[in-house]
Amino acid sequence: MAQEESQFEEFEQIDFLRDRHVRFFQRTLQVLPERYASLETTRLTVMFFALSGLDVLDALDVVDRDVMIEWIYSLQVLPTEDKSNLSRCGFRGSSHIGIPYSTKGPGVLHPYDSGHVAMTYTGLCSLLILGDDLSRVNKQACLAGLRALQLEDGSFYAVPEGSENDIRFIYCAASICYMLDDWSGMDIQKAIEYIRGSLSYDNGFGQGAGRESHGGWTYCAIASLCLMGRLEEALSQRELDRIRRWCVMRQQSGFHGRPNKPEDTCYSFWVGATLELLDVFRYTNFEKNRSFILSTQDRLVGGFAKWPDSHPDPLHAYLGLCGLSLIGEPDLRKVHPALNITERAFQHLQQLQQTPIAVSTIDLTKRPTSGTWFEVRLENNFSVEQYKPSSKLRQEEKRRAVGGREKLPSVD
Ligand SMILES: [Zn+2]
């Protein structure tokens, strides 16, 4: 009898309930419990967790893509006619501020309206997941808004009014520049100096200089450097080896974010993806990692919680799935470890960036920093794209941008 019970327990642990997770994310997109009311201003991010979760589950057919794309574009903070709000552009988290629904410019001036760097990041990711071509993203306005958020020390605020400023928002900014294929949105060197300054004595990264090492901040640091293509320039081999060791030591059965803290589902992605980017994830114990993630699965309503016997939430549900994807769970799409979207969505981005753009005027007064590209200004005055003549050269840049590693199939 005891043996039967233990067999049943084992079955309970390892059974991955795909359809329940699909329904969990569907519900997340429709209605949320009252306790989520405080997240109203960041609703776009909650939507991203659900949408990207459905993408990882290969279940995007359950969403109405066109409606969602229109809703996301309605959250774009567009320049006003006099362009006086350029430094406040990007994407807002929801319609909470009461600006009339519109997906077209010019924008409406409102003293409390501005983009939020994490919303711009998740908004762009969501558009890519939905197969949008980003043609309605006002790139120059997004980049102007981004530049206004960077502080002298290289870190970023989340909003122009001021907020916490740390390595999380550097990651969002780096992802935005990467997706828009234009690094004029940030001073890369200053950002790298801030990241380097956040490397703690025990070889993890803190939120800033002198702060405690943490799995989430370490992910932001390493993923940002990979997206910039500066990982091995910013950190020595010795430092990288020590960071690898700090990350590997975060595994118990799942992963925790800091020494002596309990393991938590989300770190299977934060730390797992960092180890993947550092090319040593394969040295961790996949079986134990999988068992822990599945022990946090809600068998009734779907989703994953941060701990066993806790309530699931969209963030941990999504990152739990990403953690399973990293270890090769069957029937899940692969996740791109640096951008935190599926490889499918990442390949869509690559295709967009390789598509030749209709040239109207070529502005050679804009910087060609390397002589390998020049900016092409489109006639719809604020959309600026970069055109690179050689797709082979572009592929090489992409390869470097994820850390110069050959391993990631999507970048070769
Ligand atoms: Zn967590």
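**Exercise 1. Find which helices each supply at least two residues of the lining of the largest cavity.**

Solution. Start with the list: Cys89, Gly90, Gly115, His116, Val117, Thr120, Cys142, Gly145, Leu146, Leu149, Ala158 and Ile176 line the largest cavity. Now match it to helices (DSSP runs of H or I, at least four residues, numbered from the N terminus). You land on helix H5 (117-129) and helix H6 (139-149). H6 gives the largest share, four residues.

A quick word on what you're looking at: this is a predicted model, where local features need pLDDT of at least 70, side-chain atom pairs count only at pLDDT 80 or more, and totals for chains, interfaces and linings use all residues. Residues are numbered from 1 along each chain as its sequence is written, and side-chain values use heavy atoms, leaving out hydrogens and water.

**Exercise 2. Work out which residues hold the zinc ion, and where they sit.**

Solution. First, pick out the donors (N, O and S atoms within 2.8 Å of the metal, or 3.2 Å for Na, K and Ca; water is not among the atoms, so sites may look incomplete). Asp264 (OD), listed twice, Cys266 (SG) and His316 (NE2) coordinate the zinc ion at 2.1 to 2.6 Å. Next, place them: Asp264 is in the loop between helix H11 (237-248) and helix H12 (267-277), while His316 is in helix H14 (residues 314-326), so the pair ties together parts 52 residues apart in sequence.

**Exercise 3. Decide whether Asp264 and His316 are buried or exposed.**

Solution. Buried means under 20% relative accessible area, exposed over 50%, and partly exposed in between (1.4 Å probe, protein chains only). Asp264 has 6%, so Asp264 is buried. His316, at 9%, is buried too.

Note on methods. 1 Å grid on protein atoms, 1.4 Å probe; cavity = no way out; pocket = protein on both sides within 12 Å on 5 of 7 lines; lining within 4 Å.
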